[in-house]
Amino acid sequence: MSHLQARTVGFKRGERNVFFHILTACNLSCSHCYINPKEHGTGKLSREKLEEWLTLFRCENKDTNIIFLGGEPTMHPDLDHAIRYAKKLGYSSVTVDSNGFLFHDFLDKVKPADLDFLSFSLDGPSPEVNDSIRGAGVFKTCTTNLQAAVAKGFNVSLIYTVSRHNIAYLHKMVPLLAGWGVKRFFIQVIGIRGKTAINGADKWQLTPEEWLEKIPQVAAEAAAHGIRTIFPKVFLEPEEKFECAGRVAENYFIFPNGRVYQCPLCEDYPVHGYRIEENKLIANSGFTETKLFGLDIPEGCVINKLLQPENLSYGPQGKPLYKISCCLLKQEMKPR
Ligand code: SF4
Ligand code: SF4
């Protein structure tokens, strides 16, 4: 049993994170996919638009991290160009989140020095578990390419989205990750967005007890194996301070139709705080997510209360038993 302690990673004032969905198309059809073509469009940004929007979100005075996402970002033929362009513009770190298929000869076109992290999404330690969520044959392709990336010298991380379907197998990931040479492990909580919102949240979602019993323990085991492990805070004790990233941090979730959200929970709705128009970032008027960030409620995150009230529990006096933290607040366990 490890005695490593989780540290909450507070929002860093002045740090900016840009989550750049460069297309929404994907070769897979995962049963928990949050991409919502009705809201996010079906487009793919041109090479010129990639350059323009990367330039738009760069900030000379602040550290800005960029994460390329999709759909499946490696399906974009100009991803390698966009990665190098982002580096040239001075982004502090450049990451790609892939489902592991690595199209367009990704590992040959991009050098390890071009990229700070190449992240693979895998939701189970075996084909039986992973492929029941992500599709037949995905485990084999993803893990083969992950190991090829490590062998080429890329810094590799792995994202495991925990739900009721796969929480029982999470601990089995630790020896696999250590053996593959994965450096960072992101344990993500299932979001009730996109397909999970349609397919019945109760089939996916975990209780606080299930989350707290399993996640910190597996994170500590992974850290003890030398893997930096990051997982969302999710539940705050009543005395813990609540902060909304929309108020105190700068996060931009950009979609190819020009929508820019600051809160990922809002992505199923046309309440984005900003839009990109004629290569300018414009604040939207009317009812937007931004109006909700300033509301203080005893339950913590106001958008969680509006969209996912089943996450909340109340005592006999009607007081919330715990607060829901900002979904962007993370905890981390680092190897000693
Ligand atoms: S790999 Fe990602 S974008 Fe593609 S279907 Fe799965 S969750 Fe959706
Ligand atoms: S998840 Fe909640 S707390 Fe975090 S940015 Fe969105 S509204 Fe704010």
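What covers the buried residues of α6? Keep that in mind as you open the viewer; the structure you are looking at is a predicted model.

**Stop 1: helix α6**

Select residues 138-152, which make up helix α6. This helix has 15 residues, and at 1.5 Å a residue they should span 21 Å; the end C-alpha atoms are 21 Å apart, so the expectation and the model agree. Now colour V138, F139, C142, N145, L146 and A149, which are buried. Look down the axis and you'll find them on the same side of α6, because they cover an arc of only 150° around it. Spin the helix to the face turned away from that buried side, and you reach T144 and A151, both exposed.

Back to the opening question. Show α4 (106-109), β5 (117-121), α5 (127-134), β6 (156-162) and α7 (173-180): the cover over the buried residues of α6 includes these elements. Before moving on, click G153, just after α6, where phi is positive at about 100°.

**Stop 2: helix α9**

Next, select 208-224 for helix α9. Its 17 residues reach 24 Å from the first C-alpha to the last, close to the 24 Å expected at 1.5 Å a residue. The buried residues here are I215, V218, A219, E221, A222 and A223. Notice that a glutamate, E221, is on that buried list.

Which elements cover the buried residues of α9? Among them are β6, α7, β7 (184-189), β8 and β15 (330-333). You have already displayed β6 and α7, as they also belong to the cover of α6. After α9 comes G226, with a positive phi near 90°.

**Stop 3: strands β2, β10 and β11**

Select 16-21 and 250-254, which are strands β2 and β10. They run parallel and are joined by 5 bridges. To get your bearings, label N17 and N251: the first stands opposite the second, which sits in β10.

Now add 259-261, strand β11, which runs antiparallel to β10 and is joined to it by 2 bridges. Here I254 stands opposite V260 of β11. Follow the chain around the turn: β10 and β11 form a hairpin with 4 residues between them. One to click in that turn is G258, with a positive phi of about 90°. While you have strands on screen, a general pointer: in a regular strand the side chains alternate between the two faces of the sheet.

**Stop 4: the two ligands**

Go to ligand 1 and show what surrounds it: C26, L28, S29, C30, C33, I35, G70, G71, E72 and N99. By class, this shell divides into 5 nonpolar, 4 polar and 1 charged. Zoom in on G70 and G71, since the peptide bond from one to the other is cis, with omega near 20°. G71 lies in the loop between β3 (64-69) and α3 (79-89).

Then jump to ligand 2, which has 13 residues around it. The closest are C244, C263, C301, I303 and C326. How many charged residues does the shell around ligand 2 have? There are no charged residues in it; 11 are nonpolar and 2 polar. Helices α10 (245-248) and α12 (302-307) each supply at least two residues of this shell, and α12 gives the largest share, with 3 residues.

**Stop 5: two backbone oddities**

Click D105, in the loop between β4 (93-98) and α4. Its phi is positive, about 50°, although D105 is not a glycine. V234 also has a positive phi, near 65°, and is likewise a residue other than glycine. You'll find V234 in the loop between β8 (228-232) and β9 (235-236).

Buried or exposed: where does D105 fall? D105 is exposed, because it has 10 other C-beta atoms within 10 Å and the cut-off for exposed is 12 or fewer. V234, with 20 other C-beta atoms within 10 Å, is buried.

**Last stop: K87**

Finish on K87, in helix α3. This lysine counts as partly exposed, with 16 C-beta neighbours inside 10 Å. Leaving out residues up to four places away in sequence, K87 touches V94 and D114. For a last distance, draw a line from the C-alpha of K87 to that of D105: they are 20 Å apart, with these positions 18 residues apart along the chain.

Key
Residues numbered from 1 in each chain as written. Chains lettered and ligands numbered in written order. Predicted model: local features only at pLDDT ≥ 70, side-chain atom pairs only at ≥ 80, totals over all residues. Near = placed C-beta within 6 Å. Nonpolar A, V, L, I, M, F, W, Y, C, P; charged D, E, K, R; others polar. Pairing = 2+ DSSP bridges. Expected span 1.5 Å × (residues − 1). Arc of directions from axis to C-beta. Contact = placed C-beta atoms within 7 Å.
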